Amino acid sequence: MDPQRRERYSRQILFAEIGEQGQERLCNSSAVLVGCGALGTALANLLIRAGLGHLRIVDRDFVEPSNLQRQTLFEEADAREALPKAVAAARRLGAVNSDAKVEGVVADLSPANCDELLSGFPVLLDGTDNFETRLLVNDYAVSRSVPWIYAAVVASYGLTMPILPGETACLACLTESSIPEDSFAAAATRGAEPTCDTVGVLGAAAGVIASLQSVSAIKLLLGKLNATDARLVSCDVWTGRFQAIHPARDTDCRACGQRRFSYLEGSAQPHLTMCGRDSVQIHERRRHLDLAALGRHLTAAGSEVRHNEFLLRFRVSPYEVTVFNDGRAIIKGTRDPAVARSLYARYIGA
Ligand SMILES: [Zn+2]
């Protein structure tokens, strides 16, 4: 290891479980992160500072002012410019550690692009905010035997667990079979999905969970994580309650038992979704849109249009429509799929 690198990581090299060999290995390792919100930004920051050599960040969203309270890689300017999170995060992390390769990929993970976006990485990291995408990641990971690190956070609590396909319980074992009712972790599992914007979220909760996730990722990449270490850890930063359990595999599990990958086959994933705000996302299309031309058209029609190289946003009161150049769109101000489809058809075209 060259002296500069040895100096940079000296405090981590001094930690006996990592040492110089472990550091070298980490610097030559890679991971892919799906979702770059509160958990994802905290996790990416920790891993890139720790010396992870290559991180791919896949995220479909753009930075908004309400993200700044907890999404630690973003700044006010990113929100003003409505930069895609993957782009803003990669830019910031490139300045944090110029030795690392950080790829920001603006995309919505789907059954169609899973292989293209996730293959070739030895570990998948969960930074998502919804169970559709997590179960898709789980299907992918279990079917390809790639470990992944599940995590979720809401309000003041969160949970995380490394999933080693074939060795530990998978996410479908946890969420699709019955878990003891009195389990704190079970309550957190259930609570973590539908309430992202109804009960809020503390940056501290995301910070704790992302920290635990980063340790699991580093141990995995160093070959030091085995099935007995793979506990489901949950915590509530407000009450200070922590719990670690060792969930059993469900022998009859849809994914890791019967090997039915319904999320990966696309049969379980809806075409319209959005978690975390009063919005519907249309992601059934895969085409290239000329945003500049669309912007000119909308401006001529009297709409107020904001436009950068990645997305175009315009208002159709009381809605706000954000269109990406792959044809994907987010319609804010409604939860009604029909309204969303109608606006898409009227302003962007079928
Ligand atoms: Zn399973």
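In the predicted model, R60 and D108 are both buried, and the two residues form a salt bridge in which the closest N and O atoms are 3.0 Å apart. This pair links distant parts of the chain, since R60 belongs to the loop between β2 (54-59) and α5 (76-80), whereas D108 belongs to the loop between β3 (101-106) and α7 (114-118), with their positions 48 residues apart in the numbering. The R60–D108 pair is one of 16 salt bridges that the structure holds.

A further salt bridge is formed by the side chains of D139 and R254, with an N to O distance of 3.1 Å. Here again distant parts of the chain are linked: D139 is found in helix α8 (residues 131-144), while R254 is found in the loop between β8 (241-245) and β9 (272-273), 115 residues apart. D139 counts as buried because its relative accessibility is 0%, and R254 also counts as buried, with a relative accessibility of 9%, the cut-off for this class being under 20%.

The salt bridge between K219 and D229 has its closest N and O atoms 3.9 Å apart. The two residues are ten residues apart and are likewise described as linking distant parts of the chain, with K219 in helix α11 (residues 203-221) and D229 in the loop between α11 and β7 (232-236). K219 has a relative accessible area of 31% and is therefore partly exposed, and D229, with a relative accessible area of 28%, is partly exposed as well. Beyond individual pairs, salt bridges that share partners join D139, E176 and R254 into one network.

With regard to secondary structure, the protein has 13 helices and 14 strands. Eight strands make up an open sheet with mixed pairing, in which the order is β3-β2-β1-β4-β5-β6-β7-β8. The edges of this sheet are occupied by β3 and β8, each of which has a single partner strand, so that one side of each is left without a neighbour in the sheet. From one strand to the next, the twist averages 15°.

Within the sheet, strand β1 (residues 30-34) and strand β4 (residues 124-126) run parallel and are joined by three bridges; in this pairing, the bridge partner of V32 in β4 is L124. Helix α6 (residues 85-96) packs on the sheet, where the helix touches β2 and β3 and has a direction that makes about 165° with that of β3. Helix α8 lies across β1, β4, β5 (148-154) and β6 (157-163), and runs at about 170° to β5. The helix that lies across these four strands is also the one that holds D139, the salt-bridge partner of R254.

For the protein as a whole, 56% of the 350 residues count as buried. Among contacts between residues at least 6 apart in sequence, 65% join residues that are at least 24 apart, and the salt bridges R60–D108, at 48 residues, and D139–R254, at 115 residues, each link distant parts of the chain. The accessible surface of the protein comes to about 15200 Å², and 50% of this surface belongs to carbon and sulfur atoms.

Definitions and conventions. Residues numbered from 1 in each chain as written. Predicted model: local features only at pLDDT ≥ 70, side-chain atom pairs only at ≥ 80, totals over all residues. Heavy atoms only, no water. Salt bridge = Lys/Arg side-chain N within 4 Å of Asp/Glu carboxyl O. Buried < 20%, exposed > 50% of the residue type's maximum accessible area, 1.4 Å probe, protein only. Pairing = 2+ DSSP bridges. Axes fitted to C-alpha atoms, helices over the stretch in contact; angles between N-to-C directions. Contact = heavy atoms within 4.5 Å. Areas by Shrake-Rupley, 256 points an atom, 1.4 Å probe, with all protein chains shown as cover.
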